[in-house]
Amino acid sequence: MVCIKNIITVIALLLSIAACTTDYVPKPKGYNRVDLPEHSYVSLPDTLPYDFEYSVHATIHPDSSVNADRYWLNIHYPDFVADIQLTYKPVNQSEERLETLLEDSYQLTANHQIRASSIDENVLGTPSGKRALIAELSGEVPSQFQFYITDSTDHFLRGALYFRTATQNDSLAPIIEFIKIDMIHLLNTLEWKNKVNNVIELR
């Protein structure tokens, strides 16, 4: 009898505790606030086969990787540990070469399909009448925004955004959007040049 009374007492106590509690709702994961600067731009050095305006918050460096070609650049954002990697190829009036460059660019973007939740491609028309293909990639992908632009006869330029950090992309979202605006500005101010100097002078 005493045992039964003890069980009833315990059950009553648990019920009274449960009645005093509210439903638990997990709090959404929080991220550090990112204070972003104002967008402002400067022009490239006059030693390249192309020209555009890039962010004053970034620095320009020649690509130093083993497979880099001449006129490949990295636009580095030191505050964000991010790079826009630019690869330039001359088309040399060759339709076959252009097709190869287009296929290579498509394949480089498609390589992210395994980790991408979506890849949205759109054509951007620039103020000077050029057309660029831009690709926005969602999910935990190493590159969240890419583009290529060409005049189909002489010039082909491809750009891709990369972060040198393990931070997840959803927490990087404000910075990604900030740099995407800079990349669109790059495309909107891009001009091709037919003659270039032999020396690249970059800071």
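What follows walks through the sheet, the salt bridges and two backbone oddities of this predicted model.

The sheet comes first. Seven strands line up in an open sheet, in the order 4-5-6-10-9-8-7, with antiparallel pairing. Strand 4 (59-62) and strand 7 (116-125) sit at the edges, and each has a single partner strand, so one side of each goes without a neighbour in the sheet. From one strand to the next, the twist averages 20°. Within this sheet, strand 6 (residues 82-90) and strand 10 (residues 155-163) run antiparallel and are joined by nine bridges. Across that pairing, aspartate 83 stands opposite tyrosine 162 in strand 10. Helix 2 (residues 95-110) packs on the sheet, where it touches strand 6, strand 7, strand 8 (131-139), strand 9 (145-150) and strand 10. The direction of helix 2 makes about 10° with that of strand 10.

Leucine 133 gives a residue-level view of the sheet. Leucine 133 belongs to strand 8 and is partly exposed, at a relative accessible area of 22%; the cut-off for buried is under 20%, so leucine 133 does not count as buried. Setting aside neighbours within four places in sequence, leucine 133 is in contact with Glu121, Asn122 and Val123, as well as with Gln146, Phe147 and Tyr148. Arginine 158 is 25 residues away from leucine 133 in sequence, and the two C-alpha atoms are 9.6 Å apart in space.

Now for the charged pairs. Side chains of opposite charge can pair when their charged atoms come close. The structure holds six salt bridges. One of them joins aspartate 46 to lysine 193, with the closest N and O atoms 2.7 Å apart. Aspartate 46 lies in the loop between strand 1 (41-43) and strand 2 (50-51), while lysine 193 is in the segment after strand 11 (191-192), so this pair ties together parts that are 147 residues apart in sequence. Aspartate 46 itself is exposed, at 58% relative accessibility.

Aspartate 83, already met in the sheet, also forms a salt bridge with arginine 164, and here the closest N and O atoms are 2.9 Å apart. This pair links distant parts of the chain, 81 residues apart: arginine 164 is in the loop between strand 10 and helix 3 (169-188), and aspartate 83 is in strand 6. The two ends sit in contrasting surroundings: arginine 164 is exposed, with a relative accessible area of 56%, whereas aspartate 83 is buried, at 2%.

Lysine 130 pairs with glutamate 191, the closest N and O atoms being 3.2 Å apart. Lysine 130 is in the loop between strand 7 and strand 8 and glutamate 191 in strand 11, so parts that are 61 residues apart in sequence are tied together by this salt bridge. Lysine 130 counts as buried at 15% relative accessibility, while glutamate 191 is partly exposed at 38%. Elsewhere, Glu136, Glu177 and Lys180 are linked in a network of salt bridges.

Finally, the backbone. Most residues other than glycine have a negative phi. Tyrosine 71, though not a glycine, has a positive phi, near 75°. Tyrosine 71 sits in the loop between strand 4 and strand 5 (73-77), and is buried at 11% relative accessibility. Serine 152 is another non-glycine residue with a positive phi, of about 75°. Serine 152 is in the loop between strand 9 and strand 10 and is partly exposed, with a relative accessible area of 40%.

Definitions and conventions
Residues are numbered from 1 along each chain as its sequence is written. This is a predicted model: local features need pLDDT of at least 70, side-chain atom pairs count only at pLDDT 80 or more; totals for chains, interfaces and linings use all residues. Side-chain values use heavy atoms; hydrogens and water are left out. Two strands pair if DSSP finds at least two bridges between them. Helices (H or I, at least four residues) and strands (E, at least two) are DSSP runs, numbered from the N terminus. Axes are lines fitted to C-alpha atoms, for helices over the stretch in contact, and angles run from 0 to 180 degrees between N-to-C directions. Contact means heavy atoms within 4.5 Å. Buried means under 20% relative accessible area, exposed over 50%, partly exposed in between (1.4 Å probe, protein chains only). A salt bridge is a side-chain nitrogen of Lys or Arg within 4 Å of a carboxyl oxygen of Asp or Glu.
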